[in-house]
Amino acid sequence: MAEKKRFQAIKGTRDLLPPDTELWNRVEQTAREVFGTFGFGEIRPPIFEPTELFARSIGVDTDVVSKEMYSFFDRPIDLAPPHTFYDTGRYIKGLKDLLARGEIPNDEKNREIIQQLSERWEEFEKLPPDQPLEGEAKASLFRILGFRDRVRLGPEITLRPEATASVCRAYIEHGMHAWPQPVKLYYLGPMFRRERPQKGRYRQFYQIGAEVLETVQPGQGGAKDISKDAAVDAEVIEMVMAFFASLGLEGVQLEINSIGHAADNCRRGYVKNLQAALEKVKDKLGPDSQRRIETNPLRVLDSKLESEQAIIAGLPKISEQLCDDCEKEYAEVKRQLELRGAKYTENWRLVRGLDYYMRTTFEITAKGLGSQNAVCGGGRYDGLVELLGGLPTKGIGFAIGEDRLILSLQEAGKGGAAAGRDVFVAWMGERAQAAASAATQRLRAAGFRVELPPVEQKFGKALGQADKLGARYALILGEDEVATGQWTVKTLANGSQAKMSEAEFLEKLKNEVRK
Ligand code: HAM
């Protein structure tokens, strides 16, 4: 008999259960409503995409791409892996067919490996059938297995670690540059990153995000555009703040920064200075920061290491080296935020962990989250669509960590009550069962949450269960009630009881439950 095994959710993933899921639904519903009022429509991109899409967009030297992505090689559906070593011949034939049809990557490397595999197999087959598997025969077997493992059966794909790259890919794929501009999209759903799990940090987590994309028209640019971009940035930030306000999120703090653009007289020049300054203090930095001096010096500013804080405080600041346009845009973003009543603090160390950002970056923190307190991050990413093969396009957006948002709401006691029921139908007797199920159908059709016990229970037991389920009213249906059409309704909070008709009960529910 198979050994008994208990399965558990994989580390860093979790089940979301009722009644918590009620809060999740309320949060998502509120997002849809608030974003809708700002003119955003929903996009639902796939959960997996080509690995290269993320590598190009987010950047190969970022933590996300270099160590956190869940990537794997896809495989064609109609090629069963070899069952035994001696099944390799069939497998090779299948590989060759698929290669010819382009259903597995038909590039030089793959062709070469399959060719080698095929030749080694032919040699092996020429060996006498009763030859013991040792010496040259054994070496040949291992060579075959080696080549077999190296065949790439499909493209490399990745469970999305974020959705901005997907939205840009979709923008290009669906020719959204021809839609009325700007295109405003929002999304909700799971993202995947192989991070060390802790409170507020998971390997499958949920984001609520939004993006505004606008393809640059010929002749655009200049001072007018700077104030337009700044207004778009400010409105996007205003939208997140409005969403948080409507949920009653507490301790919301907005931090902003500008990281300029990739030019020698702007960020590129700054990064050179920063690198030089970091080289001078290299010995005092930890191994992560030391490595980043080469790979991604801006990320050193993100370090949370206590021992590095004083050193970082003395490093050159990007705000001192922004080009004129970036500086103007940043000033205008601040003015636009002020006129919208959004309170912010400036944080020159806010560089964000993804490569596609330029100019405006922002993060929002909330109460009750401990060290993982960033509940939203975002910024401008002009040029990303073009980098992915589209037309020159501006972009700005954000993503909210929904898990953290929920945690913060729950810590503040805004989790909402347990699911409960509006009505528990306590029935006794055969005739009462028919009346009870008919009444239940009508109450549910009117939108109330009704529990109908599947078997008869004594009224005392039924009322106890109604209490446990957090029901508001018990509808007591016995022979009497069925005969007279006068229902007995018990209010569980205070134990009071009254007789009334179905119409009167419905009226009562409408007035008291839907208040
Ligand atoms: P991000 O800063 O990588 O930005 O993620 C945004 C938010 O997702 C974070 O502030 C955090 O709340 C949440 N988050 C990230 N990783 C985890 C995790 N492992 N567990 C729980 N929550 C997490 C982006 O993803 C960008 N795509 C945002 C954006 C959109 N920028 C422009 N448009």
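## Close-ups of the ligand site and the core

**View 1. Polar contacts hold the eye here, starting with Glu 211.** An N or O atom in the side chain of Glu 211 lies 2.8 Å from a nitrogen atom of the ligand; a polar contact is a pair of N or O atoms within 3.5 Å. Look also for Glu 195, with a polar side-chain atom 2.7 Å from a ligand nitrogen, and for Tyr 202, where a polar backbone atom is 2.8 Å from a ligand nitrogen. This is a predicted model, in which local features need pLDDT of at least 70 and side-chain atom pairs pLDDT 80 or more, while totals for chains, interfaces and linings use all residues. Residues are numbered from 1 along each chain, and side-chain values use heavy atoms, without hydrogens or water.

**View 2. Here is the shell around the ligand, with 27 residues.** Shell residues have a heavy atom within 4 Å of the ligand. By class, 12 are nonpolar, eight polar and seven charged. Strand E10 (374-380) gives the largest share, six residues; strands are DSSP runs of at least two residues, helices of at least four.

**View 3. Meet the largest nonpolar core, with 97 residues.** Such a core joins buried (under 20% relative accessible area, 1.4 Å probe, protein chains only) Ala, Val, Leu, Ile, Met, Phe, Trp, Tyr and Cys residues through side-chain atoms within 4.5 Å. Helix H8 (residues 223-247) supplies its largest share, 10 residues.

**View 4. Phe 243 is among the core residues with the most contacts inside the core.** Beyond four places in sequence, its contacts (heavy atoms within 4.5 Å) include Val 27, Phe 35, Ile 208 and Leu 405.

Conventions:
Buried < 20%, exposed > 50% of the residue type's maximum accessible area, 1.4 Å probe, protein only. Polar contact = N/O pair within 3.5 Å; in protein donor to acceptor, adjacent residues only side chain to side chain. Nonpolar A, V, L, I, M, F, W, Y, C, P; charged D, E, K, R; others polar.
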